[in-house]
Amino acid sequence: MAKLESPKTLMEFQERFPDEEACWAYLRRARWPRGFVCPACGHRRSYPIRARRLEQCRACRRQTSVTARTVLHGSRVPLRIWFWAFFFLGRHKQGISALQFQRDTGLGSYQTAWSLLHKVRSALVERSERLGGDVEVDETYIGAREKGLHGGRQVGRKSIVAGAVQRRTRSAGSLRLAIVGNVSAAELGPFVDDAVDPETATVYTDAWRAYAHLHKRGFHHLAETQGPPERSAELLPWAHTVFSNLKSWLRGTYHGVSKKHLPRYLQEFVYRFNRRWQELDLFVLVLGAATSAPPMPYHRLTAERIG
């Protein structure tokens, strides 16, 4: 089957997806690129029930929705609204807030817009391969300024985000971000273990003592004393750039986010950052992630603290 093509512009999006039928046909191709496969018996032939947008297996007669077992599972929101979410989250470098998405799509409820966007974010899980080559590792603090804190590694009510980014000559490579509980070796060490490949990487950090034992964890580790704060951009340039862009993005688009849901925003940021050279294909990539991920019901979005 031919490769799915992403709409390149808003005009092309509107022309290609004018109604629910067009979205359903495209989603069916994305869900079953080599043809329908029954989830019950594995049979590969079906009868389409277009009035209800179902596939009925010719062998066991089980009826299956194209959205079953995906983040769209059980949704009453029109497919075209979901497609707008895939387009906005994939193509807009600044992302889109739930309030703006509600206004732009005409959704009747902010809660519906918020949950739909978070369901898509929940599917944007980064590949598990660890980073190799030259890798900068650092941490930053996300949250509003608090009285009584004097900089450094004082936390208060802020979230601590650890980052690992590949250092290349003219640009950053791939990125990993994660929330950690504190800046101790017990928290930062496991983050580096998960994010960086000790066999192929050289890890660059400042001289914070929590990184001092990375060589005992099998890493080739180079640390340098930072000195004045303004040297941070010089010492770890790509980590500094990533953190600066992350904070500007969270403030500019979302005006800050809660600690509880910050991990999903980090997922979105990392997913798009690591695919920034595939910008024109991101609609298909985000849609593919959403149709490959398991359902994420609303009660899980609001009840679970992830990360």
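Is H118 buried or exposed? At 0% relative accessibility, H118 counts as buried. Keep in mind that what you're looking at is a predicted model. You'll find H118 in helix α5. If you skip its neighbours within four places in sequence, H118 is in contact with H261, R264, Y265 and L301. That's a handy spot to come back to, but let's step back and take in the whole chain.

The protein chain is built with 11 helices and eight strands. Its C-alpha atoms fill a box of roughly 70 × 40 × 35 Å along the principal axes. There are 307 residues in the chain, and buried ones make up 46% of them. The accessible surface comes to about 15,900 Å², with 50% of that belonging to carbon and sulfur atoms. Now take the contacts between residues at least 6 apart in sequence: 61% of these join residues at least 24 apart.

Now for the inside. The largest nonpolar core has 69 residues, and F83, F86, F101, L177 and F283 touch the most other members. Helix α3, residues 79-91, gives this core its largest share, 10 residues. There's another core lying apart from that one, made of 21 residues, including V180, V203, Y211 and L214. This fits a broader pattern: in soluble globular proteins, nonpolar side chains tend to be buried together.

Take a closer look at F283. Leaving out neighbours within four places in sequence, F283 is in contact with S6, P7, F13, F17, Y26, F83, F86 and F87. Pick F87 from that list and you land in helix α3. F87 is buried, with a relative accessible area of 3%. Not counting residues up to four places away in sequence, F87 touches P7, T9, L10, F13, H92 and F283. Notice that P7 and F13 turn up among the contacts of F283 and among those of F87.

For a contrast, go to R157, in the loop between β4 and β5. R157 has a relative accessible area of 63%, so it counts as exposed. The C-alpha atoms of F87 and R157 are separated by 34 Å, with their positions 70 residues apart along the chain. From R157 you can also look across to E199, 42 residues apart along the chain, where the C-alpha atoms are separated by 36 Å.

W24 makes a nice counterpart. Its place is in helix α2, residues 20-31. W24 is buried, with a relative accessible area of 3%. W24 and T67 are 43 residues apart along the chain, and their C-alpha atoms are separated by 9.3 Å. Setting aside residues up to four places away in sequence, W24 touches R50, R53, E55, V66 and L79.

Next, the charges. The chain carries 48 positive and 28 negative side chains, and the centres of the two sets lie 8 Å apart. A search of the whole structure finds eight salt bridges. One of them pairs E268 with R121, at 2.5 Å from N to O. Here E268 lies in helix α9 (residues 262-274) and R121 in helix α5 (residues 110-123), so the pair ties together parts that are 147 residues apart in sequence. Both of these residues are buried. They also belong to a bigger arrangement, since R121, E268 and R272 are linked in a network of salt bridges. Helix α5 is also where H118 sits.

Another salt bridge joins R275 and E126, with the closest N and O atoms 3.1 Å apart. R275 lies in the loop between α9 and α10, while E126 lies in the loop between α5 and β4, so this pair ties together parts that are 149 residues apart in sequence. Once again, both R275 and E126 are buried.

Finally, try the salt bridge between K8 and E5, where the closest N and O atoms are 3.9 Å apart. Are these two buried or partly exposed? K8, at 28% relative accessibility, counts as partly exposed. E5 counts as partly exposed too, at 42%.

Note on methods
Residues are numbered from 1 along each chain as its sequence is written. This is a predicted model: local features need pLDDT of at least 70, side-chain atom pairs count only at pLDDT 80 or more; totals for chains, interfaces and linings use all residues. Side-chain values use heavy atoms; hydrogens and water are left out. A salt bridge is a side-chain nitrogen of Lys or Arg within 4 Å of a carboxyl oxygen of Asp or Glu. Buried means under 20% relative accessible area, exposed over 50%, partly exposed in between (1.4 Å probe, protein chains only). Helices (H or I, at least four residues) and strands (E, at least two) are DSSP runs, numbered from the N terminus. A nonpolar core is a set of buried Ala, Val, Leu, Ile, Met, Phe, Trp, Tyr and Cys residues joined through side-chain atoms within 4.5 Å. Contact means heavy atoms within 4.5 Å. Accessible areas come from the Shrake-Rupley method with a 1.4 Å probe; for residues, only the protein chains shown count as cover. Lys and Arg count as positive and Asp and Glu as negative; His and the chain ends are not counted. The place of a charge is taken as NZ of Lys, CZ of Arg, CG of Asp or CD of Glu.
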